[in-house]
Amino acid sequence: MKKTELDILEKWYAANFENQLAGRRILIEDIEPILKDLKAPFQVQKIGESEEGRNIHQVKLGTGPKKILLWTQMHGNESTGTKALFDLFKYINDSAHQDSFVKDLLETCTLVCIPMLNPDGSKNFTRVNAHHVDLNRDAVDLKAKESLLLRSVLDSFQPQFCFNLHDQRTIFNVEGFKNPATISFLAPSIDVERTLTAGRKETMAAIVAMNATLQQIIPNHVGRYTDEFYPTATGDNFQKLGHNTILIEAGHYKDDYDRDVVRKFNFYALLSGLTYLVNNDTYTDYQPYFDIPNNGKQNFDLIVRNMKIDNNTQVDVAFQYEYEVVNNELVSKLVEYQRGGLKEFYGYQEF
Ligand SMILES: [Zn+2]
């Protein structure tokens, strides 16, 4: 995406993002009224229920041959992708903004979006579902209802590309920088040898396009996850089955603990990725993927330097925010995470 296009987009976003969704804890009750209001070209359909009987929906749009599946909040406490996806719906829906991209998108692609695959986890603000299953490690066993549902959509829809949207913790930085990894990507491996298959190269090429956009807005805030093979992970398995699966992890940005700034970068990433898929028929420019720095793990929410432990001892202590739902409200508290050995670490706040 060119700088001039980004300037226009930035203005559109500031005035038009989906302002009915905000904060870290996004529930099925938050998104259902918005889904109910979606009109053509969106086709909204309930496709199943969670273990505790909450609705799971899909939003389908477009009629083209390039099939793309997106899902969010398979980890219930990771809502940034959901907010970004609804921003994307706003963008597509905005009649004042029916640019050629939206027309081309609907003509060349068919999109199936599952906003919030794990509504029970969203309610409890947990990664896992109601039966304590991590859906992103359930791609082989398929123990959870929600995993089976995602798999049945994959099998019947047969997408060429998938977008698997997650949030990552604040501890991740971009290697070589103090910057948080505000957005991180992964083109998952299909085997322990991390073989560069044709499909993985296509996944990488889409990531290259998204990274090129983000570097213009948040330079050196984009990281890349290790491509170590996870035999039970969703992305690794879907990629292995021949569906190019792009993992997007939304992370921290300066003071943005609600991730209402980061959602915009997540939206830009989605839009750039889709633009790339719409405008190209072969996806070959994968080499710059390896220039994206790795994710580091060197940042903390708070480091207190030289904290007095007793009369003789001073030590650096790192703290992280932890979240829980109390009386249906999300509350955070700082929890001690590491004592000492923090020379090479950086705190978003330091005292
Ligand atoms: Zn996740």
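1. Buried area is here the accessible area (1.4 Å probe) that two parts lose on being put together, summed over both. By that reckoning, domain 1 and domain 2 bury about 1,200 Å² between them, with carbon and sulfur atoms giving 53% of this area. On the side of domain 1, Arg 25, Ile 171 and Tyr 257 lose the most area to domain 2, and together they supply 41% of what that side buries.

2. On the basis of the note: this is a predicted model, in which local features need pLDDT of at least 70 and side-chain atom pairs count only at pLDDT 80 or more, while totals for chains, interfaces and linings use all residues. Residues are numbered from 1 along each chain as its sequence is written, and side-chain values use heavy atoms, with hydrogens and water left out.

3. The domain assignment (bounds from an automatic or database assignment) divides the protein chain into domain 1, residues 3-296, and domain 2, residues 299-350. The centres of the two domains, taken over C-alpha atoms, are separated by 30 Å. Contact, meaning heavy atoms within 4.5 Å, involves 15 residues of domain 1 and 13 residues of domain 2.

4. Between domain 1 and domain 2 there are nine residue pairs in polar contact, both residues at pLDDT 80 or more. A polar contact is a pair of N or O atoms within 3.5 Å; within protein, one must be able to donate a hydrogen and the other to accept it, and residues adjacent in sequence count only if both atoms are side-chain atoms. Zero salt bridges cross this interface, the rule being a side-chain nitrogen of Lys or Arg within 4 Å of a carboxyl oxygen of Asp or Glu.

5. By this rule the count comes to 22 salt bridges. One of them joins Lys 46 and Glu 49 at 2.8 Å, N to O; Lys 46 is partly exposed at 41% relative accessibility, and Glu 49 is partly exposed at 33%. Here buried means under 20% relative accessible area, exposed over 50%, and partly exposed in between (1.4 Å probe, protein chains only).

6. The side chains of Asp 227 and Arg 200 meet in a salt bridge of 3.1 Å, N to O. Asp 227 lies in the loop between strand 8 (222-224) and helix 8 (234-240) and Arg 200 in helix 7 (residues 198-217), so the pair ties together parts that are 27 residues apart in sequence. Helices (H or I, at least four residues) and strands (E, at least two) are DSSP runs, numbered from the N terminus. Both Asp 227 and Arg 200 are buried.
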